[in-house]
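Reader: I have a structure open and would like to learn how to read its pockets. Where do I start?

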Amino acid sequence: MKCENHPDKEGVAACVSCGKILCADCRLKLVGKNYCQECADDLVTLYSDKKEVASESKPIKAGYGKVKPQSSPAMDNSYEKARPVKKDSSNRFLLFCLIFLVVLFFIALGLYIIYLLYLAPFYGDLSNVINILLTDPQRIINFLIG
Ligand SMILES: [Zn+2]
Ligand SMILES: [Zn+2]
């Protein structure tokens, strides 16, 4: 079969969308499938709002200037803004976790220093103190206050 655009050339593929016979020059491969120029244009128009598929990820033959990402400026702006915001918030989350761990570490350190300074001389080793804390916390609180 001959290419529908070039009657002198042999067709090598058919457009998966409209079935048009295409020669090697007319065939456009998008995401592993063969398309004619018209159907490729339609696809790009459909998907350019969601993501920029065609021109960057799949090289289109030189000389076919028709396929360009036709993106609306409004969608582009929100897309460009969405990414830095997401990155920023994930950084903030990591920072929050780090601060939380540091604070937790200092609280534990503070409790341990309190134990060493006030409780260890009177109650002995840590397991004994924990035992008293679990069974009779009032006793230690009274001891620390008084
Ligand atoms: Zn087609
Ligand atoms: Zn052709």
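Reader: Which residues line the largest pocket?

Author: This is a predicted model. Rolling a probe the size of a water molecule over the atoms shows where empty space is left. Here the lining of the largest pocket consists of Leu111, Tyr112, Ile114, Tyr115, Leu119, Leu126, Val129, Ile130, Leu133, Ile140, Ile141 and Leu144.

Reader: Which elements give two or more residues to that lining?

Author: Helix H3 (73-123), helix H4 (126-135) and helix H5 (137-145) do. H3 supplies the largest share, with 5 residues.

Reader: How many residues of the lining are nonpolar, polar or charged?

Author: Sort the lining by class and you get 12 nonpolar residues, with no polar and no charged ones.

Reader: What is the volume of the largest pocket?

Author: About 170 Å³.

Reader: Now the whole chain. How do the elements run from the N terminus on?

Author: Read the order as a string: β-β-β-β-α-α-α-α-α. That comes to 4 strands and 5 helices.

Reader: What percentage of the residues count as buried?

Author: A residue is called buried when its relative accessible area is under 20%. In this protein, 18% of the 146 residues meet that cut-off. The protein exposes about 10900 Å², and carbon and sulfur atoms supply 64% of that area.

Reader: What share of the contacts joins residues 24 or more positions apart?

Author: Count the contacts with a separation of 6 or more; residues 24 or more positions apart account for 25% of them.

Terms used: Residues numbered from 1 in each chain as written. Chains lettered and ligands numbered in written order. Predicted model: local features only at pLDDT ≥ 70, side-chain atom pairs only at ≥ 80, totals over all residues. Heavy atoms only, no water. Buried < 20%, exposed > 50% of the residue type's maximum accessible area, 1.4 Å probe, protein only. Contact = heavy atoms within 4.5 Å. Areas by Shrake-Rupley, 256 points an atom, 1.4 Å probe, with all protein chains shown as cover. 1 Å grid on protein atoms, 1.4 Å probe; cavity = no way out; pocket = protein on both sides within 12 Å on 5 of 7 lines; lining within 4 Å. Points joined across faces, edges and corners; volume = space filled by probe spheres on them. Nonpolar A, V, L, I, M, F, W, Y, C, P; charged D, E, K, R; others polar.
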